[in-house]
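Before reading on, please take a moment with the sequence and the model, and keep both at hand. The paragraphs that follow lead from one helix and its surroundings to a cavity, a strand residue, the fold as a whole and two loops.

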Amino acid sequence: MKKGIIIQASSRSIGNTSAIVSFLQEQTHFDVLDLNTKRIGHFDYEFKNQDDDFNAMFKDIVQHYEVIIFATPIYWYTMSGLLKVFMDRISDFLKIEKDFGRRLRGMQMGVVSCSDENEVFDGFAMPFVESARYLGMKYKGHIHTWLENKKVSEEVKTKIKVFGSSLITKN
């Protein structure tokens with residue numbers, strides 16, 4: 001079984017995305033990291049944010065996990081701002097402390113999006129697909145989820161179970 005982490009990137013720690021993350025965590029037994037509880041500054045070319053939470057968090061991820069799952073609500077047709085900042089900050093490890101950035105090579109990445117309806121727009125997954133390719137990661141896919149009457153429907157549970165199963169098997 002692979003060791004993985006689910007990075008929850010919602011502006012609400014307890015909401016629709018966290019309900020999806022909880023169900024996925026039950027299926028995979030992956031650890032969960034809630035970006036809403038972390039202090040992560042925006043990327044800047046002078047690397048002025050070295051004392052925030054990102055560096056230690058990123059180093060821990062690349063040293064201890066084989067699979068990274070990004071779980072994000074869809075805000076304005078794309079990933080959350082929290083997740084975009086996280087993704088931008090990976091650039092720190094492409095410029096400085098490159099040995100840690102290189103540890104992403106060969107890791108696996110997947111994405112779970114969440115909204116209030118069963119609709120995701122074309123192009124949503126492109127930043128993840130291309131980032132995985134650029135970083136040398138294996139892209140495991142994207143599933144879109146939603147809640148119905150504040151509950152995870154059987155249809156969504158089935159999608160998560162299939163996706164979760166593909167994440168924990170060796171390959």
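**A walk from helix α6**

In this predicted model, a convenient place to begin is the residue just after helix α6, where glycine 136 takes a positive phi of about 80 degrees. The helix that precedes this glycine covers residues 126-135, and within α6 the residues Phe128, Ala132 and Leu135 are buried. Viewed down the axis of α6, these buried residues fall within an arc of 75 degrees, so they line one face of the helix. Such a pattern can be read against the geometry of helices in general: an α-helix has 3.6 residues a turn, so residues three or four places apart point the same way. On the face of α6 that is turned away from the buried side, the model places the exposed residues Arg133 and Tyr134.

What, then, covers the buried residues of α6? The cover includes the strands β3 (67-73), β4 (108-115) and β5 (138-148), together with the helices α3 (81-89) and α4 (92-95).

One of the buried residues of α6, Leu135, also belongs to the lining of the largest cavity, where it is joined by Phe58, Ile61, Ile68, Phe70, Phe86, Ile90, Leu104, Met109 and Met137. The count of cavities of 30 Å³ or more comes to 1, and the volume of the largest cavity is about 50 Å³. Helix α2 (54-64) and strand β3 each supply at least two residues of this lining. Sorted by class, the lining has 10 nonpolar residues, with no polar and no charged residues.

Among the lining residues is Met109, which lies in strand β4 and deserves a closer look. Is methionine 109 buried or exposed? With a relative accessible area of 1%, methionine 109 is buried, because the cut-off for that class is under 20%. Methionine 109 and isoleucine 68 are 41 residues apart in sequence, yet they lie 4.9 Å apart in space, C-alpha to C-alpha. Leaving aside its neighbours within four places in sequence, methionine 109 is in contact with residues that include Ile68, Phe70 and Met137, as well as Phe128, Ser131 and Ala132. Its contacts also include the run Lys138, Tyr139, Lys140 and Gly141.

Stepping back to the whole chain, the protein has 7 helices and 6 strands, and from the N terminus on its elements run β-α-β-α-β-α-α-α-β-α-β-β-α. Among the contacts in the protein with a separation of 6 or more, 79% are accounted for by residues 24 or more positions apart. Of the 171 residues, 47% count as buried. The C-alpha trace spans about 45 × 35 × 30 Å along its principal axes. For 171 residues a compact globule would have a radius of gyration near 16 Å, and the protein has 15 Å, which agrees.

Two loop residues complete the tour. Glutamate 97, found in the loop between α4 and α5 (98-102), has a positive phi of about 50 degrees although it is not a glycine; at 36% relative accessibility, glutamate 97 counts as partly exposed. Asparagine 149, in the loop between β5 and β6 (151-152), likewise has a positive phi in a residue other than glycine, near 55 degrees, and at 75% relative accessibility asparagine 149 counts as exposed.

Definitions and conventions: Residues numbered from 1 in each chain as written. Predicted model: local features only at pLDDT ≥ 70, side-chain atom pairs only at ≥ 80, totals over all residues. Heavy atoms only, no water. Buried < 20%, exposed > 50% of the residue type's maximum accessible area, 1.4 Å probe, protein only. Helix = DSSP H or I, 4+ residues; strand = E, 2+ residues; numbered from the N terminus. Arc of directions from axis to C-beta. Contact = heavy atoms within 4.5 Å. 1 Å grid on protein atoms, 1.4 Å probe; cavity = no way out; pocket = protein on both sides within 12 Å on 5 of 7 lines; lining within 4 Å. Points joined across faces, edges and corners; volume = space filled by probe spheres on them. Nonpolar A, V, L, I, M, F, W, Y, C, P; charged D, E, K, R; others polar. Rg over C-alpha atoms; globule rule 2.2 N^0.38 Å.
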